[in-house]
Amino acid sequence: MNENDYTEQYKGIIMLRKGREKDEDVWFATVGRQIVSDGVYKTKKELIESLESLNLETICKIISGAIGRVIELSTNNEKQ
C-alpha cells in the first residue's frame, strides 16, 4: 500500500483514487464514474478501513457504478 500511487484497484472493481481538496491530498473510492466512498479521507488506510464496513448505501453506489460502467462499455463497443 503506497501512499504515492494516485490510482489503485481494490477488491476487483473498486478504484482507490488520490486527489486534492483545499490544497490537501485526499483519498476516495470509485466504481466507473460513481463515487462509492462515504467521503474523502486523509490516508489510503482510512479509506480502506471505511470500505471494509459496507452499508446498504455504499453497496447501492457500487452496483450503480458497475451498471453504469457496463452500459458505457457496451455503448463504446457498438460505436466501433
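Lys18 has a relative accessibility of 15% and therefore counts as buried, where buried means under 20% relative accessible area, exposed means over 50% and partly exposed lies in between, with a 1.4 Å probe and protein chains only. This is a predicted model, in which local features need pLDDT of at least 70 and side-chain atom pairs count only at pLDDT 80 or more, while totals for chains, interfaces and linings use all residues. Residues are numbered from 1 along each chain as its sequence is written, and side-chain values use heavy atoms, with hydrogens and water left out.

**Exercise 1. Charged pairs**

Find the salt-bridge partner of Lys18, and work out which residues are linked with Lys18 in a network.

Step 1. A salt bridge is a side-chain nitrogen of Lys or Arg within 4 Å of a carboxyl oxygen of Asp or Glu. The side chain of Lys18 forms such a bridge with that of Asp25, at 3.6 Å from N to O.

Step 2. Asp25 also meets the side chain of Arg20 in a salt bridge, with an N to O distance of 2.7 Å. Lys18, Arg20 and Asp25 are thus linked in a network of salt bridges.

Step 3. Asp25 is partly exposed because its relative accessible area is 32%, whereas Arg20, at 56%, counts as exposed.

Step 4. A further salt bridge joins the side chains of Glu24 and Lys42, at 3.3 Å from N to O. This pair links distant parts of the chain, since Glu24 belongs to strand β3 and Lys42 to the loop between β4 (34-35) and α1, 18 residues apart. Glu24 is partly exposed at 41% relative accessibility, while Lys42 is exposed at 58%. The whole structure holds eight salt bridges.

**Exercise 2. The sheet**

Give the order of the strands in the open sheet, and say which strands stand at its edges.

Step 1. Strands are DSSP runs of E with at least two residues, and helices are runs of H or I with at least four, numbered from the N terminus. Two strands pair if DSSP finds at least two bridges between them.

Step 2. Strand β1 (residues 7-10) pairs with β2 in the antiparallel sense over four bridges, and Tyr10 has Ile14 in β2 as its bridge partner. The two strands form a hairpin with three residues between them, and Lys11 in the turn has a positive phi of about 55°.

Step 3. β2 and β3 run antiparallel and are joined by seven bridges; Leu16 has Ala29 in β3 as its bridge partner, and Arg20 stands opposite Asp25 in β3. Arg20 and Asp25 also form a salt bridge through their side chains. Two residues lie between β2 and β3 in their hairpin, where Lys22 in the turn has a positive phi of about 50°.

Step 4. Two bridges join β3 to β4, again antiparallel, with Val31 opposite Gln34 in β4. In the hairpin of β3 and β4, Gly32 takes a positive phi near 60°.

Step 5. The order is β1-β2-β3-β4. β1 and β4 stand at the edges, each with a single partner strand, so one side of each has no neighbour in the sheet.

**Exercise 3. The core and the helices**

List the residues of the largest nonpolar core, and identify what covers the buried residues of α1.

Step 1. A nonpolar core is a set of buried Ala, Val, Leu, Ile, Met, Phe, Trp, Tyr and Cys residues joined through side-chain atoms within 4.5 Å. The largest one has 12 residues: Tyr10, Ile14, Leu16, Trp27, Ala29, Val31, Val36, Tyr41, Leu47, Ile48, Leu51 and Ile62. β2 (14-21), β3 (24-31) and α1 (44-52) each supply at least two of them.

Step 2. In α1, the residues Lys44, Leu47, Ile48, Ser50 and Leu51 are buried. They cover an arc of only 160° around the axis, which puts them on the same side of α1; the arc is that of the directions from the helix axis to the C-beta atoms. Their cover includes β1, β2 and β3.

Step 3. Contact means heavy atoms within 4.5 Å. Leaving aside neighbours within four places in sequence, Ile62 is in contact with Ile13, Ile14, Val31, Val36 and Leu54.

Step 4. Thr58 lies in helix α2 (residues 56-79) and is buried because its relative accessibility is 3%. Not counting residues up to four places away in sequence, Thr58 touches Val36 and Asp38.
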